[in-house]
Amino acid sequence: MEAENNKLGYTDIHEDVVRSIVVTGPKYYATLATAGGLALVCFFFPWFYQLYYGIGAAGMNHPGVWGTYLASFIFWIGLSHSGTLLSCVLHLTNSSWRKAMYRSAEAMTLFSLVVAATYVFVHVGRPWFAHWTFPYPNQWELWPNFRSPLLFDVMAIATYLTGSTIFIYMGSIPDFAAVRDRTVGWRNTMYSLLSLGWRGTDTEWHRLHWAYTFLAVLIIPLAVSVHSIVSWDFAMSIVPGLHQTIFAPYFVVGAIYSGTAGIVTVMFVLRKYMGFEQYITKLHFDNLGKLLLLLSLLWTYINAIELFTGWYSGTSDEYEQLSFKLFGFYAPLYWEMILFCAVAPLLMISKRFRTSFVPMLILSIAINIGMYTERFLIVATSLPRQYLPDAWGFYAPSLVELSIMVGSFAVFTTLFLIFVKIFPSVSMYEVKETMETPKLKPAIPQAGSPA
Amino acid sequence: MSLFSRFMDGWRKYRKPGYYDEFDYHWTMTVDLDSCTGCEACMTACQAENNIPLVGEEELAKGREIQWIRIERYWEGEYPNAKLNFMPMMCQHCDAAPCETVCPVSATYHNQDGLNTQIYNRCIGTRSCAVYCPYEVRYFNYYNHHWDSPLDQQLNPDVSVRGKGVMEKCTFCIQRIRDAKDLAKDDDRRRVRDGEVQPACVQSCPTKALTFGDRKDTESQVYQSMNNPRAYKVLDELNTDSSVVYLKKVDA
Amino acid sequence: MPNIDRREFLKLVGAGGVGAGAGFMLKESKKDPTEYLIPYVVAPEDFSSGIATWYNSVCSMCSAGCGISVRTREGRAKKIEGNPSHPVNQGRLCGMGQAGLQVLYNPDRITEPLLRTGERGAMSFEQITWEDGLGQLAERLELLRAARRGNNVCLLSEGTNGHLAQLFESFMRQLGSNRLHHYDFDHPHTLYAANQGFFGQDHLPYYDLQNTRLLLSFGADYLTNWISPLHHSLGFGASRQRQEEERGRFVQIEPRMSISGAAADEWVAASPGTEGILALGMANHMVSQGVYQGADRAAWSAALSDYSPSMVAEQTGVSESTITRLADDFAGTQPSLAIGGGAAANHSNGVDMLVAVNVLNYLAGNVGREGGLLFNPQPAGTVSRPHQASYRSMLELAEAAQQGEIDVLIINGTNPVFTLPAAAEFREALDAIPLVVSLSSFFDETTVLADLILPSNSYLESWGDNFPEAGVGFRVGAVSQPVVSPLYNTRATGDIILSLAQRIGMSSTIPWTSMEECIKDGWRRIYEQGDPQTLAQGFEEFWISLLKAGVWGETTTGTTSFEPDQNIIAGIGVAAPEFSGSEQDYPFILHPYLSPNFHDGRGANLPWMQERPDPMTSVVYGSWVELNPTTAEELGLIEGDLVDIESPHGQVLAPVFIYPAIMPNVIAMPIGQGHSEYGRYAKDRGANPLEILSPQMEPITGNLATSATRVRLVATGRHIDLVKTSGTSRDLGRNIVQTTGDEGHEVSDAGLNSIPITELT
């Protein structure tokens, strides 16, 4: 990577990034309009329809009371796991290859969390009272139920959201300052505000580095705990097939897995459409690929354990869950999930595969499809098959649910598109750290040096 | 008390259902499976008493029934030796209720009579209580419900009509329990006597398969039932500590 | 501010006050009625806000006559519960009884008298006044009576008893007509005939299920719809709840397991129509084994010689060992009781079958003893207990109509166009009747064909009384009173008849101006026959206490002894059942059964009943046809496949339901759906198996042999998802429903033994 960046200088990175922010062509606006339009039509309109008429617009029933809303919620939280978590881990291990991509990855985290938070409001029966889950003093003297895993969820996600926002914002301050110095007009005003008067002094750099590292250290356990807590929504129930201790590692591994795959997808897009070919290179894909492979193997192992415990228990309840998953109505989805998440990623053993951009893109998308299927199956195959066989049912998503699912991607894309035009999507100052310090031209020509 | 002992005291109370040291009453229901004929009179009685909505054919086709008490069917064997066993299933009012721990806003909690209560106007509709209930006796209102006029004239004014987005379930006819307690209080502040309060289902059962009472009252029918060698609880292995005692069907 | 002296000040205040008050009053008077929180300053006498008022009455949802107590709040009926004082149901009530509220508050009730304007059946009516409607009808009746053609008037009513029935009788007699027919689909004609034939009694005995220790039911679904289901359920429950050795045992003999079959300890599948033969096989065994030691043993032996268990086994499909075991148990358990009904009683050999059941009771010594069959006393007072019109009578009525012998048909509550098979051509017969009047509350299939509709109050808005037939072994009567004011411009059936009587000049014999008066008068007569204690309190006191209790009884019992005569014994025999259609063309026997939710179809317009899952199958809002699993497999059918059920007389379409407890060559369908009218909840929903029944009759009574139709199944290739609430109806080894005979199941320690009482400490 050093070799490639040798030819690049500080100016280049500045110009490339500022250009990516300032220059907006019709293609950008078209994409933004499409994404925004889709978000409105596919996400917000069906949601408002559901708000007006009731959760009945979705496909949930009795006993399948949870559906794609929760599956999507978990999917989006999962996606959120890789960006910031990876960024923090790699920061603490001082790896250089993270520098070009971590900003966008953190943005991915943030927006996934935002979409996931919106999903909470979509999922809940009376979202206008959702604020009751927050512990604020009120005249009924009522506090939320702190024993509830759903409340841990609320706390954890709120913390993670706050943490990630502060983290990404703080890390971007020097870059905002750099962009401020190169823009005029309303942009200049905006970036002046955003950069909080950054002057680039030693003290400021030192404080930034310290605060950044401090947050990085905090966010790692936070991220691990967030998805563990989300998994406990299921694991603390006594639903057969869900009530397993493996759920916390299962979800965390799955989250990092799907998040990393998400990063690969986003990196591909950034590279291709934002002109960052020079900064996001084969090395990044190679390393991400190795990480994905490791996570895939872990994920496969955990799934195998789940199957094993289901079979080993010998009880009709657990065995039925297993059997319904593997051979029931949703069996094709289960096997598709295995194919995409356990079998196909083995292709990444080959370095050639890992360093080829388009195949990695396709694989990363496939992995995320498989991971979404995994979350869907958790909800759709466990609830309709509980302890009392006479109460078994069947759940299938409705059109409103599917539309909102598609729409959530559009919302995410819209947010991301807006992001790339406000935030510097590649971290300028960190990339500069990988470059050779440019030699300054002397102010007074010295004898022997070029004029 | 020292800080530590106060902590331990709180911890001890925290572990009890509803944080009560002692319940005022401990309402219990007995279901005699040997007497239940599956006639479903209890289902209609409950529907009439508690303003249970008519969800309609379309919603039923989607699986969104609302049946606070339902009759489950379990066939045994094959023709010509097939047998059909009926099992009435309603909220078991578990003392260690899984649903109570998971509601993020405490819309469901254990009251001083040992009942698991659902507070409709606190419920925000996360539906996690329905997931956590192993008996699957919690029902969600997916839509606002409608009664073709003048069927709404029949609605019981003592029971709220639930709007969309809210969870509901059997309450052991808490409105009747409250009325009975009021009456007993007016009548010389005595306790409610055995048989004085009967939920709608118990009252209508043509074979008297259901009985209801306070298990703190050692003279009550339900107390005797609990000592019956045929007594068992459904899904007892889950340690939910339910308040509904079933009497085994007799193989004769 | 100008100076105001005191006088001015008071004037202003006064004016202001009045003005404000006036303004307020004006605003008040302009308020929409629903804006008032409590609508009355002076409330009507019978309600106080927030406090419930209870009225005792009698349920009319089936003919059992259970006593009810109705809870009303602010003049609205809220809940129907059993009347604890009524000996028939003792405070309990079935679902259909509770759904009576939906009869009262049904959105599809007829609210005004109507006169037909368009074609018959086109549902074009105009509202008229009662004056008008009654006037028109009275005019026609008067004309016919004057011309001595009163017999051209027919009153076809649902089953009634008590003073309303008496009123009908008086009215028709005064009119000069002998065409008063009561017609309920489920009337047990063959049971009456069997009791008449064997015991010489013209009313039903009391079947003491409560105290019996072995009940043998030949097809009677006694827990759901046979005679007095609630009383039998109470008996069943009491029997089950006795101590171990005393616990009653229940055996059900029928080709398709009914609810009573599911509750039974043993279900025996006998070939349809051979139940009577099975009974005689048991009787033969009892006599040949010397269990029966009566003097007339020889006569019995001779009469039963054709029914040895081995011969019977062949005909019925029940093994010889089962027959002899059942017979030994039946004779050996004291007391035991045999009953018969349902499909078994509705074959071509129905009467003989029920006589055979009586034979079993007699031979086992159950007649006239507790836990067996007890004879009822004669009904109270002078109230009538009319026998109903059989299928044959209905055919004769249709024939008479076709011959132009009927000028006016008055229908009250019964729905023959729905419950009679198409082969009876009753609908066509109606075409030949110039004036069809309906007193019903709903647009059912018969009422839509009416020319004049004079809608009745629902039973909750009416005065009436009821003397339950099989009762409880002693005389019982109950008065039903209105629990709410009539909701619409309808009148009580009795009041309609009384008004007509007034107009036609029958006041001398029918003097009452209201049904309340008529009932009260009738009860005065009962009161006058009472004991000195009753007489001492005076009639008004008696009447008030009657209304308060909701029930009246007299512990007169019936006869206890019985001796069958030689001719009867010699005549005992059950012929093989006859079916319509050849076995080749129509390989299955259709077994229609009264649905627990809809009975004979009357409950189909009650949304509670449509929404309540069928107890055996859990299907809602639809019909289905039950197939044996092996049969379904052979035909390649799965649940939800739509099939045409074809008889020699028609076809209906229904989805398949795989039913584990039905004989392979029998298919069953619930009766009650398949309405083409009858309101939004019932209309165009499901299939009516009665349509395709063949007009086979039991020869003695003329009763329709509903179970004698052979059918074939034709798969249509179409499929629907049956709407049902049950998931998988198998325990899967999870030990959810536990029985005392459970061995080798995974059972937790806590489950098997008695539960220790824990107090919270």
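Start with who touches whom in chain A of this predicted model. Take the contacts between residues at least 6 apart in sequence: 81% of them join residues at least 24 apart. Try following a stretch of chain A by eye and looking for partners like these, at least 24 positions away along the sequence.

What is chain A built from? Its secondary structure comes to 16 helices and zero strands, so as you trace the chain, helices are what to look for.

Now step back to the overall size. The C-alpha trace of chain A spans about 95 × 60 × 40 Å along its principal axes. For 451 residues, a compact globule would have a radius of gyration near 22 Å, and chain A, at 24 Å, agrees with that.

Next, think about inside and outside. Of the 451 residues in chain A, 59% count as buried, meaning that under 20% of their relative area is accessible. What does chain A show to the outside? It exposes about 18,800 Å², and carbon and sulfur atoms supply 70% of that area.

Charges come next. Chain A has 27 positive and 26 negative charges, and if you take the mean position of each set, the two points are 9 Å apart.

Finally, move over to chain C. Its domain assignment gives domain 1, covering 190–374, and domain 2, covering 588–719. How far apart do the C-alpha centres of these two domains of chain C lie? The distance is 27 Å. The two parts also touch: 23 residues of domain 1 of chain C are in contact with 26 residues of domain 2 of chain C.

Notes:
Residues numbered from 1 in each chain as written. Chains lettered and ligands numbered in written order. Predicted model: local features only at pLDDT ≥ 70, side-chain atom pairs only at ≥ 80, totals over all residues. Heavy atoms only, no water. Helix = DSSP H or I, 4+ residues; strand = E, 2+ residues; numbered from the N terminus. Rg over C-alpha atoms; globule rule 2.2 N^0.38 Å. Buried < 20%, exposed > 50% of the residue type's maximum accessible area, 1.4 Å probe, protein only. Contact = heavy atoms within 4.5 Å. Areas by Shrake-Rupley, 256 points an atom, 1.4 Å probe, with all protein chains shown as cover. Lys, Arg positive; Asp, Glu negative; His and termini not counted. Charge placed at Lys NZ, Arg CZ, Asp CG, Glu CD. Domains from an automatic or database assignment.
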